[in-house]
Amino acid sequence: AGGLLYYAADEVEITRVSATPAGPKTERLKVNARRAMAGDPVHNVTLRMNDFIFARTVPDWKLYRQVTVYGEVMYPGRYSIEDGETLSSLLQRAGGFSPRAYPRAAIFIRERVKRDQQRQIDEMADRMERELAGISANELSSALTPAESQLLQAEAAQKKALIGKLRETKAPGRIATLIAPPEVLKGTPYDLPLEEGDVLYVPSNPTTVQVIGAVLNPTSFVFDRKLTINQYVRMAGGYTSEASPARTYILKADGTAMRVKASARSDTPWVKEFNGGKMPLVEPGDAIVVPHKLSSYRGLRQTRDYVDIIYKVAVTAAAVHNISK
């Protein structure tokens, strides 16, 4: 069979099946393959018909598992990793952060998480489609006039379009975590073990804050520690007539999100590990999101919730795409 491959384990398992009056009898023999090939009579056993020989691989054998780190690190590139290696080790090997780095907005993407997120999005779309089909059927059957029936049919078409938009959404695969210098990160819960295909991007300091959604002029503004959320919104022209101010939230640069209560739209401190103290509620790289106020003839709650889900997933995916350019 060409001999053993270089990553084969020494131990080989032989499965032997013999016919007996009571039925088939299965035995398993374990021998040292290298000694057998050297002619050791103890291990170089005589084979029988129907024997099955299994040459094992060295435990946990994986050749050249690679991860990528780029952006504001001293030595960006692809790195091979060993089993159990962590983020802090990768950052140390990459020389740490450059002077322009902004670790608070670092993006950590994992392929396995991307697949899981995409599966959840697809399952959510299937579930919504079934629910909306049932709701639409019930509403149409209860229509009292032709005009009401037409209105409900138009709303059903709108809901199907929302489902179509959700199916077009691609999962970003981002893990919201905190990134810090290797000596600070090491040993913390955020010092994640690395997996094949992981990507870490460390951007430079963005110095801006985005205001998006139902405002008159969605745009980016220079970050000013003294400005409140309301002041940023006013700089964007204020809320539109379709805005839902009570549902405003902040999409943080680190991938987390915060709902903002009216009483908190001020200089409320935002304390996070590794940031060296208190930071304002709005930080560089954050996005203030003002959702639209949604209305429909029937099924108001369902429609609003579905659009909200689609909007948040899309905004998160867009943020990952924009920052990682």
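Trainee: Which residues are linked in a network of salt bridges?

Mentor: In this predicted model, Arg104, Lys252, Asp254, Glu283 and Asp286 are linked in such a network. A search of the whole structure finds 18 salt bridges.

Trainee: What makes the contact of Glu11 and Arg56 a salt bridge?

Mentor: The cut-off is 4 Å between a side-chain nitrogen of Lys or Arg and a carboxyl oxygen of Asp or Glu. For Glu11 and Arg56 the N to O distance is 3.7 Å, so the pair satisfies the definition. The two residues belong to distant parts of the chain, 45 residues apart: Glu11 is in strand β1 and Arg56 in strand β3.

Trainee: Why is Glu11 called partly exposed?

Mentor: Partly exposed is the class between 20% and 50% relative accessible area. Glu11 has 34%, and therefore falls in that class. Arg56, at 25%, is likewise partly exposed.

Trainee: How do you know that Lys114 forms a salt bridge with Glu111?

Mentor: The closest N and O atoms of Lys114 and Glu111 are 3.6 Å apart, and the definition requires a distance within 4 Å, so the term applies. Both residues lie in helix α3 (residues 111-141), where three residues, about one turn of the helix, separate them.

Trainee: Why does Lys114 count as partly exposed?

Mentor: Its relative accessibility is 29%. Because buried requires a value under 20% and exposed a value over 50%, the class in between applies. Glu111, with 34%, is also partly exposed.

Trainee: Why is Lys226 called exposed?

Mentor: Exposed means over 50% relative accessible area. Lys226 has 64%, and so meets that condition. Its salt-bridge partner is Asp224, with the closest N and O atoms 3.7 Å apart. Asp224 has a relative accessible area of 26% and is therefore partly exposed.

Trainee: What makes up the lining of the largest pocket, by nonpolar, polar and charged residues?

Mentor: The lining divides into 12 nonpolar residues, four polar and no charged. The pocket has a volume of about 440 Å³. Of its 16 lining residues, Leu4, Val12, Ala33, Met37 and Ile53 are the closest to the centre. Leu, Val, Ala, Met and Ile are on the nonpolar list, so these five count as nonpolar.

Trainee: Which element gives the most to that lining?

Mentor: Helix α1 does, with three residues. At least two residues each come from β1 (8-20), α1 (33-37) and β3 (52-57).

Notes. Residues are numbered from 1 along each chain as its sequence is written. This is a predicted model: local features need pLDDT of at least 70, side-chain atom pairs count only at pLDDT 80 or more; totals for chains, interfaces and linings use all residues. Side-chain values use heavy atoms; hydrogens and water are left out. On a 1 Å grid over the protein atoms alone, a cavity is a set of points where a 1.4 Å probe fits but cannot get out, and a pocket is an open set with protein on both sides within 12 Å along at least five of seven lines; lining residues have an atom within 4 Å of a point. Grid points are joined across faces, edges and corners, and a volume is the space filled by probe spheres set on the points. Helices (H or I, at least four residues) and strands (E, at least two) are DSSP runs, numbered from the N terminus. Buried means under 20% relative accessible area, exposed over 50%, partly exposed in between (1.4 Å probe, protein chains only).
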